[in-house]
Amino acid sequence: MIGVTEASIGFLLLIAALFLGLHVAVALFLIAMLGAALYLGSPLVAAFGTQLWGAMEDYVLLSIPLYILLGEILVRSGSTDRLYRSLADWLNILPGGLLHTNIGASAVFSAVSGSSVATAATISTVALPSFHKRRYDTRLVLGSIAAGASLGNLIPPGIALIVYGAMTNTSVGQLYAAAVVPGIVMTALFIGTIILIALVKPDLVRQKEVADPLRERLRRLVDLTPPLVIFGIIMGSIYTGWATVTESAALAVVVALPIAALYGRLSIRMLHECFIATANLTAMSLLILAVAFYLNFVMGLLGVTPALGAFATSIGASPLELMIVLAVFYLLLGIFFETLPMLVGTVPIVFPVIVAAGIDPVWFGVFIVLMCEISLISPPVGMTLYVIQAVRREGTIAEVFQGTVPFFIAMVVMTALLIAFPEMALWLPRISFGL
Amino acid sequence: MPNTPKDPNPVSRFFGPPARFLAILSGWWLLALSFLTVAEILLRKFFSISLQGVDEIGGYTTAIVSAFGFACALTVKAHTRVDFLLGRMPAASRAVLNALSYGLLAAMAIYGAWRGWSVLEESIEFQAHANSPLQTPLWLPQGAWMIGLALFALCAGAMAAHAFWLLLSDRAKLNLFYGPLTLDEEIEAEMGTILEREGKQP
């Protein structure tokens, strides 16, 4: 049994190991081994093998490779350009014109592809040429792509929610339901931000978009169907009770194949590329996750969970105070870390505290994923930002950083809204699962 | 982009083909299992029949597919590292930390493979079967899992040895081969996909 002091030292050592540039899984491994060797003895150090097998042999986690495979197939199916064009037809009417399409297309695409980095790269490639001859403020163009790409984790099916669910034994179906409304609100806030900028500073958005004839626009609506069908199948099959989260992912993979074939992109070579990319991403996530489970196991035996819970109760902080402290903590951490390290590094410590404080685990899942999204667009560490800059091949990275500022503010507002109105996340799971 | 025949790092060049083979095998298996799952959903919904054990096979699949990918991810530097401080250090300190990272990674991979082997050994010795409708003999999925862990341990071990040798002989190469994924490498990986998608050659 160890107390809060030892646990905090362990946490600081973990952060230090991460900053030294060790592989994330190795940093977790070292702390777990240290705890097991110092306090538990060699049989529990040797339990690493059984724990690895136990953690990796998991049907719910199979949804991770399946969603990644789905994303890879869709990325290579060539539906992005069509999606972008069709969304532009309808979103151009708003003040801010084509900027809204960046948000919309990135949101849809990152939701189905599950990767913010892939989205940033894909949407930039499609979007940036369209902005070349138009008169928009460059920084806003870049910022809106980055903001849109970060939405993917919050809009189901996101990998981050599966990881959180697996680490905390929270139902992934409920987490998905909980994320729907906040995902929509977040998208609306981004669109509102652009409208506000366009109205207050019309100089930044001087372009008036001309819409194509209605008939042409209606014809192009077809291009919106593939991503929507996939999304509909996943959410629909889960909430009608036809399929579990993992089964719905398998279903979506099977449906994605004819879509890729329809666009003429399906081939053995293309599939093999999808497979290799899937293997890499799956291995990366699962190695971290499996070792994180071992760390969790060690922490459980060391009594860290009750110690942290008791500690949380002893400070007597109200859930609201706790949430604000955690929001600040995650904003700071997000400057340096990306989604996965942030998630697996903090959840084992933070989760017992929030449970003891009476905060709903499903709500907290949405909250922590929102914090991960903020980390994606907060400079200087944020892969999406650099990818966008690289696709652009001109100007400086500082312009991308500046462009994200309004959207960063919108996300902080979103965090405040989520804390002020927890019902936003809790309403849908309650009506769909009868909790 | 690494993971091509032109990969300058001899160790990832050597381990690339077997690792990619396992990755492609995993992919086909995932695809087959997806079709099996769809059959299970439809049969269950419309005929109230269950194929029994798709979820059990699915659980083993997670373990095997991830283990099969460990080495492949290693050859393309896909295992995440936080490079915030590392990228701001002088080359000499970076070299030491990069070698240290791979040394510790190899320690974990080899220890994991060793402990994994003892899990498999026990299942063989006691002829352990899953407590499920399929009654799967556990050595079967655990054996496949072990192949992945073993390749990972070999690859990580070779990389660590190579990294330490480079620490003594050629630090620039060490930082090139065993530094965190550079921006250019990561972007090239992403852009390769996109150019492919656009129907152009990267």
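**Helix packing in chain A and two unusual loop residues in chain B**

In helix α22 of chain A, which covers residues 423-433, the buried residues include A:Met424, A:Ala425, A:Leu426 and A:Pro429. This is a predicted model, and the buried part of α22(A) is a handy way into it. The buried residues of α22(A) pack against three partners in chain A: α11, α19 (361-377) and α21 (397-420).

Stepping back to the whole chain, chain A has 22 helices and zero strands. Its radius of gyration is 22 Å, close to the 22 Å that the globule rule gives for 435 residues, so chain A is as compact as a globular protein of that length. Along the principal axes, the C-alpha atoms of chain A fill a box of roughly 70 × 50 × 45 Å. Of the 435 residues in chain A, 62% are buried. Contacts that reach along the sequence are worth a look too: among those in chain A between residues at least 6 apart in sequence, 80% join residues at least 24 apart.

How do individual helices sit against each other? Two packed helices are described by the angle between their axes and the distance between the axes. Take α2(A), residues 24-40, and α15(A), residues 268-301: their axes come within 9 Å and cross at roughly 20°. An angle under 35 degrees counts as roughly parallel, and α2(A) and α15(A) are therefore roughly parallel to each other. Their crossing is left-handed. On the α2(A) side, the contact is made by A:Val24, A:Ala25, A:Leu28, A:Phe29, A:Ile31, A:Ala32, A:Met33, A:Gly35, A:Ala36 and A:Leu40. Facing them from α15(A) are A:Leu287, A:Ile288, A:Val291, A:Ala292, A:Tyr294, A:Leu295, A:Val298 and A:Leu301. Sorted by character, the residues of this contact come out as 17 nonpolar, one polar and no charged.

A second pair brings back α11(A), one of the helices that α22(A) packs against. Here the axes of α7(A), residues 99-113, and α11(A), residues 172-200, come within 9 Å and cross at roughly 170°. With an angle over 145 degrees counting as roughly antiparallel, α7(A) and α11(A) are therefore roughly antiparallel to each other. The crossing of α7(A) past α11(A) is right-handed. From α7(A), the contact involves A:Leu99, A:His100 and A:Ile103. From α11(A) come A:Thr187, A:Phe190, A:Ile191, A:Ile194 and A:Ile195. The tally for this contact is six nonpolar, two polar and no charged.

Some single residues in and around this second pair fill in the picture. A:Thr187, which lies in helix α11 of chain A, counts as buried at 16% relative accessibility. Setting aside neighbours within four places in sequence, A:Thr187 is in contact with A:Ile103, A:Leu151 and A:Ile155. Over in α7, A:Ser106 counts as buried at 0% relative accessibility. Not counting residues up to four places away in sequence, A:Ser106 touches A:Thr101, A:Ala111, A:Thr119, A:Ile123, A:Ile145, A:Gly148 and A:Ala149.

A:Leu91 belongs to helix α6 of chain A, residues 80-91. A:Leu91 is buried, with a relative accessible area of 18%. Although A:Leu91 and A:Thr101 are ten residues apart along the chain, their C-alpha atoms are separated by 6.0 Å. Beyond its neighbours within four places in sequence, A:Leu91 is in contact with A:Gly97, A:His100, A:Thr101 and A:Gly104. A:His100 also turned up in the contact of α7(A) with α11(A), and A:Thr101 is also touched by A:Ser106.

Chain B offers a couple of backbone oddities. B:Lys77 has a positive phi of about 55° although it is not a glycine. B:Lys77 lies in the loop between α2 (54-75) and α3 (91-125) of chain B. Is B:Lys77 buried or exposed? With a relative accessible area of 12%, B:Lys77 is buried. B:Gln127 also has a positive phi, about 45°, and is not a glycine either. B:Gln127 sits in the loop between α3 and α4 (139-169) of chain B. Unlike the buried B:Lys77, B:Gln127 is exposed, with a relative accessible area of 62%.

Technical notes. Residues numbered from 1 in each chain as written. Chains lettered and ligands numbered in written order. Predicted model: local features only at pLDDT ≥ 70, side-chain atom pairs only at ≥ 80, totals over all residues. Heavy atoms only, no water. Axes fitted to C-alpha atoms, helices over the stretch in contact; angles between N-to-C directions. Helix = DSSP H or I, 4+ residues; strand = E, 2+ residues; numbered from the N terminus. Parallel < 35°, antiparallel > 145°, perpendicular 65-115°, else oblique. Left-handed = near helix turned anticlockwise from the far one by under 90°. Contact = heavy atoms within 4.5 Å. Nonpolar A, V, L, I, M, F, W, Y, C, P; charged D, E, K, R; others polar. Rg over C-alpha atoms; globule rule 2.2 N^0.38 Å. Buried < 20%, exposed > 50% of the residue type's maximum accessible area, 1.4 Å probe, protein only.
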